[in-house]
Amino acid sequence: MAELDFIAPATLAEAVAAMADAGSGARALAGGTDLMAQMRSGRLQPALIIDLKRIPELIGVRADSGGFLIGAATPCATLGAHEALARAWPGVVEAACLIGSTQVQGRASLGGNLCNASPAADSVPALVAAGASCLIAGPTGQREAPVESLQSAPGRHSLKQGELLVAIRLPAQAPRSGDAYLRLIPRTEMDIAVVGAAVSLTLDAKGVVSAARVALGAVAPTTVRVDAAADALIGTRLEEPALAALEAAARAACHPIDDKRGTVAYRTQVAGVLARRAALIAYERASK
């Protein structure tokens with residue numbers, strides 16, 4: 001068995017330095033629910049594990065210019081219990097609370113879900129639809145990037161050597177706005193999405209959609225932001241022609257695989273259905 005080192009730094013600077021020094025042999029532990037499974041299977045054999053849960057910047061939900069900063073190692077259970085966050089971004093919280101079981105959510109985090117880079121990650125479509133961004137720290141300083149830029153391929157992220165995801169920034173929710181996330185799984189719970197769909201909408205004073213974002217998961221190598229689907233909703237009250245155009249655009253954006261959980265044709269069909277349903281839920285929330 002290869003030798004394994006473990007550290008639990010108390011500051012972000014210490015963690016970044018350790019990541020930079022260890023290079024590709026280091027793995028950050030935000031929650032560990034994916035990392036531990038990958039190590040048990042032999043898929044990963046890191047030389048160093050860096051536990052991030054003692055670093056203040058990476059834990060907790062904080063108000064931020066009308067929006068929220070979510071520490072990358074904050075357990076999903078914490079998000080589910082945060083009333084202000086759930087009121088502002090219910091779709092994001094719904095997605096976070098679908099990651100694993102109740103027990104898993106006591107450890108699993110949005111940062112880990114993002115950096116694990118699974119095409120079927122539940123939190124990523126919801127965060128993309130919300131217009132969220134990533135705060136990243138590295139040896140050369142800090143930067144901010146859209147959530148959709150973090151995944152580069154299945155199981156791969158775009159963080160550079162020595163960089164760590166510090167927090168996810170959710171913008172202030174505009175008046176008359178709502179979001180929603182839906183997924184299809186083979187079982188009633190604790191399964192991986194066959195398809196996931198997230199929609200965020202803003203309405204004008206007359207109930208007409210003035211802004212929209214649509215994102216799909218598990219239908220391509222990375223989460224797909226579908227601007228054509230969003231455009232189909234803008235200027236409408238989600239009348240049937242708009243919903244039909246949304247469905248068509250969602251299906252056109254799909255490039256899924258065939259596997260035991262679903263065929264290409266099935267996933268493509270379901271993507272349109274879930275996008276329609278999520279849009280209707282987001283519209284209802286925005287109308288309240």
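Here are a few questions and answers on a sheet and the nonpolar cores of this predicted model.

In this model, local features need pLDDT of at least 70 and side-chain atom pairs count only at pLDDT 80 or more, while totals for chains, interfaces and linings use all residues. Residues are numbered from 1 along each chain as its sequence is written, and side-chain values use heavy atoms, with hydrogens and water left out.

Q: Which strands stand at the edges of the open sheet of 4 strands, and why is one side of each left without a neighbour?
A: Strands here are DSSP E runs of at least two residues, helices H or I runs of at least four, numbered from the N terminus. They pair if DSSP finds at least two bridges between them. The order is 11-12-13-14, with antiparallel pairing. Each edge strand has a single partner, so one side stays free in the sheet: these are strand 11 (177-184) and strand 14 (224-225).

Q: Over how many bridges do strand 11 and strand 12 pair?
A: Strand 12 covers residues 195-203. Leu182 stands opposite Ala197 in strand 12. The two strands run in the antiparallel sense, and the count is 8 bridges.

Q: Which helix gives the most to the largest nonpolar core?
A: A nonpolar core joins buried (under 20% relative accessible area, 1.4 Å probe, protein chains only) Ala, Val, Leu, Ile, Met, Phe, Trp, Tyr and Cys residues through side-chain atoms within 4.5 Å. This one has 40 residues, and Leu127 is among those touching the most other members. With 6 residues, the top contributor is helix 8.

Methods. Buried < 20%, exposed > 50% of the residue type's maximum accessible area, 1.4 Å probe, protein only.
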